[in-house]
Amino acid sequence: MRQVPPTHRRGRLGSRGRAVPQRTCVGCRVRAAKSDLLRLVAVEGVLVPDHRGRLPGRGAYLHPDPACLELAERRRAFPRALRLAGPLDAGPIRSGIGLR
Ligand SMILES: [Zn+2]
């Protein structure tokens, strides 16, 4: 029996057949390719999209989908994912989601 690493079992493969980095959406909790998710970071209490993956600090990953944003907010997933205590303003995300 051939051993298949867990990440390869249902992971998506890149164009050249290699496993791509995966992250879990903080909204729907579904794992997806990192490139399919929007990285969010908190800057002074405001959630901002990190389109280039360059902003420092902890990031939370979310599908660029209003439904996932709503789920994440309802479950207070952002403070948990970012290890922050206070509430976060998701306004910029809400207006920018889906635009990428
Ligand atoms: Zn999602």
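This section describes the fold, the sheet, one helix and selected residues of the protein.

The structure is a predicted model. The protein has four helices and five strands. Along the sequence, these elements follow the pattern α-β-β-β-β-β-α-α-α. One helix thus opens the pattern, the five strands come next, and three helices close it. Of the 100 residues, 30% count as buried. The accessible surface amounts to about 7,100 Å². Carbon and sulfur atoms supply 50% of that surface. Contacts between residues with a separation of 6 or more were also examined by distance along the chain. Within this set, 49% join residues 24 or more positions apart.

Three of the strands form an open sheet. Their order is β4-β3-β5, and the pairing is antiparallel. Strands of a sheet pair through backbone hydrogen bonds, either parallel or antiparallel. In this sheet, β3 stands between β4 and β5. The edges are taken by β4, residues 46-49, and β5, residues 60-62. Each edge strand has a single partner, so one side of each is left without a neighbour in the sheet. Neighbouring strands are turned by 40 degrees against each other on average, with direction ignored.

Strand β3 covers residues 38-43. Four bridges join β3 to β4. The two strands run antiparallel. One of the bridge pairs matches A42 with L47 of β4. A hairpin is formed by β3 and β4, with two residues between the strands. E44 lies in the turn of this hairpin and has a positive phi of about 55 degrees. On the other side, β3 pairs with β5 over three bridges, again in the antiparallel sense. Here L40 has A60 of β5 as its bridge partner.

V43 also belongs to strand β3. Its relative accessibility is 41%, so V43 counts as partly exposed. The partly exposed class lies between the 20% and 50% cut-offs. G57 is 14 residues away from V43 along the chain. The C-alpha atoms of V43 and G57 are separated by 9.2 Å.

D50 sits in the loop between β4 and β5. This residue is buried, with a relative accessible area of 5%. The side chains of D50 and R39 are joined by a polar contact of 2.5 Å. When residues up to four places away in sequence are left out, D50 touches R39 and L55.

Helix α2 spans residues 66-74. Its buried residues are C68, L69 and A72. They cover an arc of only 100 degrees around the axis, which puts them on the same side of α2. An α-helix has 3.6 residues a turn, so residues three or four places apart point the same way. The buried residues of α2 pack against β5 and two helices. These helices are α3, residues 77-82, and α4, residues 91-96. The face turned away from the buried side carries the exposed residues P66 and R74. Helix α2 thus has a buried side and a face with exposed residues turned away from that side.

The N-terminal end of α2 is capped by D65. A side-chain oxygen of D65 lies 2.8 Å from the backbone nitrogen of A67. Just after α2 comes R76. R76 is placed in the loop between α2 and α3. With a relative accessible area of 63%, R76 is exposed. The cut-off for this class is over 50%.

Backbone angles were also examined. Most residues other than glycine have a negative phi. R76 has a positive phi of about 50 degrees although it is not a glycine. R29 likewise has a positive phi, near 65 degrees, and is a residue other than glycine. R29 is found in the loop between β1, residues 22-24, and β2, residues 31-33. E44, in the turn between β3 and β4, also takes a positive phi.

Terms used:
Residues are numbered from 1 along each chain as its sequence is written. This is a predicted model: local features need pLDDT of at least 70, side-chain atom pairs count only at pLDDT 80 or more; totals for chains, interfaces and linings use all residues. Side-chain values use heavy atoms; hydrogens and water are left out. Two strands pair if DSSP finds at least two bridges between them. Axes are lines fitted to C-alpha atoms, for helices over the stretch in contact, and angles run from 0 to 180 degrees between N-to-C directions. Buried means under 20% relative accessible area, exposed over 50%, partly exposed in between (1.4 Å probe, protein chains only). Contact means heavy atoms within 4.5 Å. Accessible areas come from the Shrake-Rupley method with a 1.4 Å probe; for residues, only the protein chains shown count as cover. The arc is that of the directions from the helix axis to the C-beta atoms. A polar contact is a pair of N or O atoms within 3.5 Å; within protein, one must be able to donate a hydrogen and the other to accept it, and residues adjacent in sequence count only if both atoms are side-chain atoms.
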